[in-house]
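Biologist: I should like a close look at a single part of this model, namely chain B. Please explain the terms as you go, for a first-year student.

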Amino acid sequence: MKLRPNCREVTELVLLGEERPLSLGERLAVRMHLLICKACPRFLKQVQLMRKASERWRHYSEE
Amino acid sequence: MTEPATRAKQQEMAQQLEKLRPQLLKYATLQLRNAAWAEDAVSETLLAALERPQSFAGQSQLKTWLIGILKHKLVDQIRRNSKEMSSTAEDGQELDDELFHPDGHWRETPQDWGDPEHCLRKLDFMRVLEACVEHLPGQQGRLFMMREWLELDSEEICKALDISATNLWVMLHRARLRLRECLQLNWFGARPPQTKERGGAL
């Protein structure tokens, strides 16, 4: 994993993180990028919101 | 001979099952993307429910129980029909090139979606989310539902459908990007920013 991935590569890692645990190197690369980027932290928050939303929707479907 | 009290109870159960059937069918269709398979899964669920009658403290408890049975029946249907569950041309489309410049930078900065609790409490938001899942291409929709609604892990999904983990991750990547775009268009971009709604206290 390169230490300075671009936004496209970071979004790919963020989404991959929804399917499997990221490696240490991958996590470090994402964290480094989030420090210097304004756009990707928003994308990360959107993904986190979607994760919560799916969970809420699942509960709602079962009630 | 059946006692009148038991008969009345059975009739009530039949009525409740009938009432819940459309909801079961909705989720079965979202998962399987095939009307005939969905009908079968729901029929199997209702039959199983009738064979194991239990008493419930209301419609909500009954629904939770039925959805639990349905989920097992859906996994059975997926295994049974996995050979026919394949990707379409629409499943193959990449969103990434529309989102990023060739150098890997965002074409358009993602919008701030605000405090999650704001939208997650709204029933309307759940309906939009559901509609967005429904609009995913067939295979993406199935895989997304297996992951998020049936709560299967990558390994279980790959085994059930005989696909590689890489293939699964590519498809879920596309599904999540599509879902994001759909929510942006139909919810977050379709209403004023939440900071303005707050008012009052400021």
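Modeller: The account below treats chain B from its overall build to its domains, its contact with chain A and two of its loop residues.

This is a predicted model, in which local features need pLDDT of at least 70 and side-chain atom pairs count only at pLDDT 80 or more, while totals for chains, interfaces and linings use all residues. Residues are numbered from 1 along each chain as its sequence is written, and chains are lettered from A and ligands numbered from 1 in the order in which they are written.

Chain B has 11 helices and 0 strands. Helices here are DSSP runs of H or I with at least four residues, strands are runs of E with at least two, and both are numbered from the N terminus. The radius of gyration of chain B, taken over C-alpha atoms, is 21 Å, well over the 17 Å that the globule rule gives for 202 residues, so chain B is more spread out than a compact globule. That rule is 2.2 Å times the number of residues to the power 0.38. Along the principal axes, the C-alpha atoms of chain B fill a box of roughly 75 × 55 × 25 Å.

Of the 202 residues in chain B, 27% are buried. A residue is called buried if 20 or more other C-beta atoms lie within 10 Å of its own, exposed if 12 or fewer do, and partly exposed in between, with C-beta atoms placed from the backbone. Two residues are in contact if their C-beta atoms, placed from the backbone, lie within 7 Å. Among the contacts in chain B with a separation of 6 or more, 73% join residues 24 or more positions apart.

The domain assignment divides chain B into domain 1 (1-85) and domain 2 (87-202); such bounds come from an automatic or database domain assignment. The centres of the two domains, taken over C-alpha atoms, are separated by 28 Å. Between them, 10 residues of domain 1 are in contact with 12 residues of domain 2. On the domain 1 side, the elements that give two or more residues are α1 (4-32) and α3 of chain B, and α3(B) provides the largest share, 5 residues. By class, this side has 5 nonpolar, 2 polar and 3 charged residues. Ala, Val, Leu, Ile, Met, Phe, Trp, Tyr, Cys and Pro count as nonpolar, Asp, Glu, Lys and Arg as charged, and the others, Gly among them, as polar.

Chain B also touches chain A, with 29 residues of chain B in contact with 28 residues of chain A. On the side of chain B, two or more residues come from each of α3 (59-81), α6 (116-120), α7 (123-134) and α10 (165-188). The largest share of that side, 6 residues, belongs to α10(B). The side of chain B that touches chain A comprises 14 nonpolar, 7 polar and 8 charged residues.

Two loop residues complete the picture. Most residues other than glycine have a negative phi. B:Arg33, however, has a positive phi near 60° and is found in the loop between α1 and α2 (35-51) of chain B. With 19 other C-beta atoms within 10 Å, B:Arg33 is partly exposed. B:Glu151 likewise has a positive phi near 60°, and lies in the loop between α8 (138-148) and α9 (154-161) of chain B. B:Glu151 is exposed, with 12 other C-beta atoms within 10 Å.
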